[in-house]
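Got the viewer open? Keep the selection box handy and let's walk through this one stop at a time.

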Amino acid sequence: MKKIILMGRSEAGKTTLTQALRGEKITYKKTQYINHYDVIIDTPGEYLQTGKLGRALALYSYEADVVGLLASSTEPFSLYPPNITCMVNRDVIGIVTKIDKEDADTELAARWLQNAGCKTIFYVNSKTGEGVSDILEYLREPGEVMPWEEGDN
């Protein structure tokens, strides 16, 4: 299983997506520090929103196989500069969240992620699970079972 680090602004949906990817009940939790799970690293939005902390994200990315940049479809602007993906030598995917919201603009969020350098974009609604399986399949190596699925066999 490829390990993914999730990055994005506060309230972009990183922790909710983490819960959905892990098959957990969705509950609101404010991420206070970098959380390392078996194959997911969940980061606080303040790291991306603060210049000095933002540099730490590049370092933490080396603990993962894939970097997931999140952009909420309801955000009025993007914090990602053009071609930011070249800062890491990992696969970088874009993840558009909150696709179910009435004021969602999924095309704009996807363009921001493409401008940042993401070539692969996923669209998710973590609360309903829409799109979550697509990310899981992207992360899954052939023949592998998710660590939290091992007891299901």
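Here is a short tour of a strand, two cysteines and two pockets.

Before you click, note that this is a predicted model, where local features need pLDDT of at least 70, side-chain atom pairs count only at pLDDT 80 or more, and totals for chains, interfaces and linings use all residues. Residues are numbered from 1 along each chain as its sequence is written, and side-chain values use heavy atoms, with hydrogens and water left out.

**Stop one: strand β1.** Select residues 4-7, which make up β1; strands here are DSSP runs of E, at least two residues, and helices are runs of H or I, at least four, all numbered from the N terminus. In a regular strand the side chains alternate between the two faces of the sheet. Here I4 and L6 are on one side, I5 and M7 are on the other, and all are buried (under 20% relative accessible area with a 1.4 Å probe, protein chains only; exposed is over 50%, partly exposed in between).

Now add residues 40-42, strand β3, which pairs with β1 in the parallel sense over three bridges (pairing takes at least two DSSP bridges). Look for I40 of β3 opposite I4. Then add β4, residues 66-72, also parallel to β1, with four bridges; there, L69 stands opposite M7.

**Stop two: the cysteines.** How many disulfides does the structure hold? Zero, taking a disulfide as a pair of cysteine sulfur atoms within 2.5 Å. Pick C86 and C118: the closest cysteine sulfur to that of C86 is in C118, 12 Å away, so the two are too far apart for a bond. C86 counts as exposed because its relative accessibility is 65%, while C118, at 4%, counts as buried.

**Stop three: the largest pocket.** Show E11, G13, T16, Y28 and K98, the closest to its centre among 23 lining residues. A pocket is an open set of points on a 1 Å grid over the protein atoms alone where a 1.4 Å probe fits, with protein on both sides within 12 Å along at least five of seven lines; lining residues have an atom within 4 Å of a point. This one holds about 440 Å³ of space. Helix α1 (residues 14-21) gives the largest share of the lining, three residues.

**Stop four: the second largest pocket.** Its space is about 320 Å³. Select L48, G54, L57, I84 and M87, the closest to the centre of its 18 lining residues. Finish on α3 (51-60), which gives the most to this lining, with five residues.

Key
Grid points are joined across faces, edges and corners, and a volume is the space filled by probe spheres set on the points.
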